[in-house]
Amino acid sequence: MTDLTPKPLPNTPEYSVSELASAIKRTLEDGFGFIRLRGEVSGYRGPHSSGHCYFSLKDERSKIEAVIWKGNWSRLRIKPDEGMEVIATGRISSFPGSSKYQIVIEALEPAGVGALMVQLEERKKKLAAEGLFDAVRKKPIPFLPRVIGIVTSPTGAVIRDMLHGFAERCPAHVLVWPVRVQGEGSAAEVAAAVRGFNAILPGGKVPRPEVLIVARGGGSLEDLWGFNDEAVVRAVASSALPVISAVGHETDWTLIDLVADARAPTPTKAAEWAVPKHSELVVQVIDYSNRLSNAIRRQSETSRQRYDGAQHRLGLALTGYIQRRHTAFAQVAGRMPNFRSLIASPRHRFDAVGTRLARSLLANTRTLATRHARISSRLQPRLVEIRVARTRDRFEATFRRGLDALNRTAASRRVRLERMSSRLSPDALRTRVKTATARVADIDQRRQRALENRIAARRHVLDGHSKMLQSLSYRGVLARGFAVVRGVDGQMLRRAQEFTPGRPLDIEVADGRAAARALGPSEPAAANPQLPQAVTDQPSEQPARPQSKPAKQGSLF
């Protein structure tokens with residue numbers, strides 16, 4: 001058998017991969033040069049972060065990659081858009097790094113709207129006329145849902161990114177309804193998934209979701225066409241559960257975005273919108289608390305400034321009034337009669353009142369002393385001790401109740417944690433355990449602070465009662481030099497008639513007691529013949545001036 005396969009000649013040159021790629025690039029550029037190409041824009045995502053723009057031009061059978069360099073992008077009269085039919089002027093080139101050929105566009109002209117875009121616009125107008133896109137039909141997204149339903153492909157990167165986002169936020173139970181998100185039959189599966197989640201009854205074996213997320217990664221208009229299907233749009237519109245649309249990237253749009261209750265730019269953002277982050281909630285609560293404290297402080301400062309201003313204005317007004325009154329008084333004083341004649345009568349009245357005041361003060365002091373002695377006999381240290389003991393018993397009972405309540409709360413939380421541990425994933429369980437640990441630590445700190453504050457308050461009250469006991473005790477009076485005289489029977493002696501001659505006495509002073517015996521009631525000093533008479537150097541002819549009898553101060557006890 002003869003081998004008819006052509007064999008390379010011995011002198012055939014060898015090419016490297018780079019040399020061959022460069023040769024093909026030069027052949028394409030030299031063979032075509034500038035051309036005008038008509039096609040529909042597909043896969044348009046806007047300018048790249050580098051400033052260049054990458055997309056595709058296609059017709060019903062073929063597709064070619066297109067690129068607009070950063071320098072040409074700013075000079076284009078019209079900008080490309082997804083589904084737009086354009087006439088591009090440029091040159092054919094290739095990218096040696098991936099062995100792909102492309103058209104480098106330098107000018108762009110509109111040629112019309114593509115067939116898919118025309119169909120999409122007609123369907124959009126039809127559904128909008130039925131009111132499916134009205135804002136009044138939008139349902140609010142729950143703030144902290146416990147169960148979340150996701151309609152997406154179970155094998156794509158979208159579900160992994162969303163589950164990772166849920167793991168970093170507040171715990172939630174996630175239900176995934178697997179569907180195809182591209183190709184024939186994908187629209188029917190997505191519509192059936194939305195209706196299936198709505199058919200779940202509350203309290204069943206499978207929990208009913210509180211919010212639905214329809215998610216898919218980015219793609220061209222053809223890749224996302226299943227989410228423009230009328231059946232999907234009507235299923236989302238008739239859903240009793242709130243629906244978040246997370247189809248494609250931020251620049252992509254489908255009809256499901258218009259009918260959904262919320263539209264997230266990416267699937268990861270949808271997970272963040274559905275479940276808030278615990279740390280963000282804590283920061284928000286702290287921020288609200290700080291703002292409230294600042295508002296209260298500013299209000300207090302404003303009130304204080306207003307008070308200071310009013311006080312200053314009042315002082316100025318009073319100063320002016322006093323000055324005016326002083327001026328008026330000075331004018332009137334010039335017309336008044338002699339000062340001594342005016343005050344003669346008030347001076348006599350003043351002297352008379354002063355005499356009566358001295359006698360009134362003496363009588364009032366004796367009355368108060370008698371009243372104090374009568375009240376002090378009824379005050380006993382035992383009453384204060386009983387009140388302190390009752391306060392201590394109430395405090396210990398309150399402490400025991402708080403400790404029992406804390407133990408019951410911890411036990412119930414522990415039982416609940418053990419019951420839910422079988423249904424939680426390890427990551428969610430770790431998160432819940434960490435949160436519960438932090439909360440228990442916070443409760444313990446609050447209990448400790450409350451206990452310390454309660455003890456400090458009770459100690460303050462006890463110190464006040466102790467000081468009151470010391471102030472009401474007669475021992476404070478003894479420390480000032482007074483003494484308490486009792487008979488042998490312990491009865492307090494208050495009058496001189498009770499001191500019979502020879503009666504044994506018990507005298508209590510500040511630092512102890514002393515035994516004594518009574519000599520009898522003493523006589524007034526003026527009636528004692530043994531006291532020496534006062535000697536005077538004045539002549540006997542002059543009558544002796546009567547000596548005023550000093551006022552006798554009554555006892556305070």
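## Strands and their partners

Two strands count as paired if DSSP finds at least two bridges between them. Keep that rule in mind as we walk through this model, which is predicted. A good place to begin is I213, a residue of β8 with a bridge partner in β9: that partner is I244. Strand β9 covers residues 243–247, and five bridges join β8 to β9, with the two running parallel.

I213 has a bridge partner in another strand too, namely I150. This links β8 (residues 211–216) with β6 (residues 147–152), and the pair is parallel, with four bridges. Another bridge to look for joins I148 to V211 of β8.

## The five-stranded sheet

Now let us step back and look at the whole sheet. Five strands make up an open sheet with parallel pairing, and reading across it gives the order β7-β6-β8-β9-β10. Which strands stand at the edges? They are β7 (173–178) and β10 (262–263); each has a single partner strand, so one side of each is left without a neighbour in the sheet.

Is β8 enclosed or open to the outside? Six of the six residues of β8 are buried, so this strand is largely enclosed by the rest of the structure. You can check this one face at a time. On one side you will find V211, I213 and A215, and on the other L212, V214 and R216, with both faces covered.

## Antiparallel pairs around β1

Other strands in the model pair in the antiparallel sense. Strand β1 (residues 34–42) pairs this way with β4 (residues 84–95) over seven bridges. To find one of these bridges, look for R38, whose partner in β4 is I87.

Strand β1 also has an antiparallel pairing with β2 (residues 53–58), this time over three bridges. Here E40 is a handy residue to follow, as its bridge partner in β2 is K58.

## A closer look at D257

Next, try finding D257 in helix α7, which spans residues 255–259. Is D257 buried or exposed? Its relative accessible area is 8%, and buried means under 20%, so D257 is buried.

Which residues does D257 touch? Leaving aside residues up to four places away in sequence, they are S245, V247, D252 and R263. With S245 there is also a polar contact between the two side chains, at 2.3 Å.

## A closer look at V275

V275 belongs to the loop between α8 (267–274) and α9 (278–333). This residue is buried, with a relative accessible area of 0%. If residues up to four places away in sequence are left out, V275 touches P145, I148, F166, R169, C170 and A172. You met I148 earlier, as the bridge partner of V211 in β8.

How far apart are V275 and P142 in sequence and in space? They are separated by 133 residues in sequence, and their C-alpha atoms are 8.8 Å apart in space.

## An empty space inside

Rolling a probe the size of a water molecule over the atoms shows where empty space is left. In this model the count comes to one cavity of 30 Å³ or more. The largest cavity has a volume of about 40 Å³.

Which residues line the largest cavity? They are R137, K139, V236, A237, V243, V259, A260 and D261. Sorted by type, the lining has five nonpolar residues, three charged ones and no polar ones. Two of the names tie back to elements you have already seen: V243 lies in β9, which covers residues 243–247, and V259 lies in helix α7, which covers residues 255–259.

How values were computed. Residues numbered from 1 in each chain as written. Predicted model: local features only at pLDDT ≥ 70, side-chain atom pairs only at ≥ 80, totals over all residues. Heavy atoms only, no water. Buried < 20%, exposed > 50% of the residue type's maximum accessible area, 1.4 Å probe, protein only. Polar contact = N/O pair within 3.5 Å; in protein donor to acceptor, adjacent residues only side chain to side chain. Contact = heavy atoms within 4.5 Å. 1 Å grid on protein atoms, 1.4 Å probe; cavity = no way out; pocket = protein on both sides within 12 Å on 5 of 7 lines; lining within 4 Å. Points joined across faces, edges and corners; volume = space filled by probe spheres on them. Nonpolar A, V, L, I, M, F, W, Y, C, P; charged D, E, K, R; others polar.
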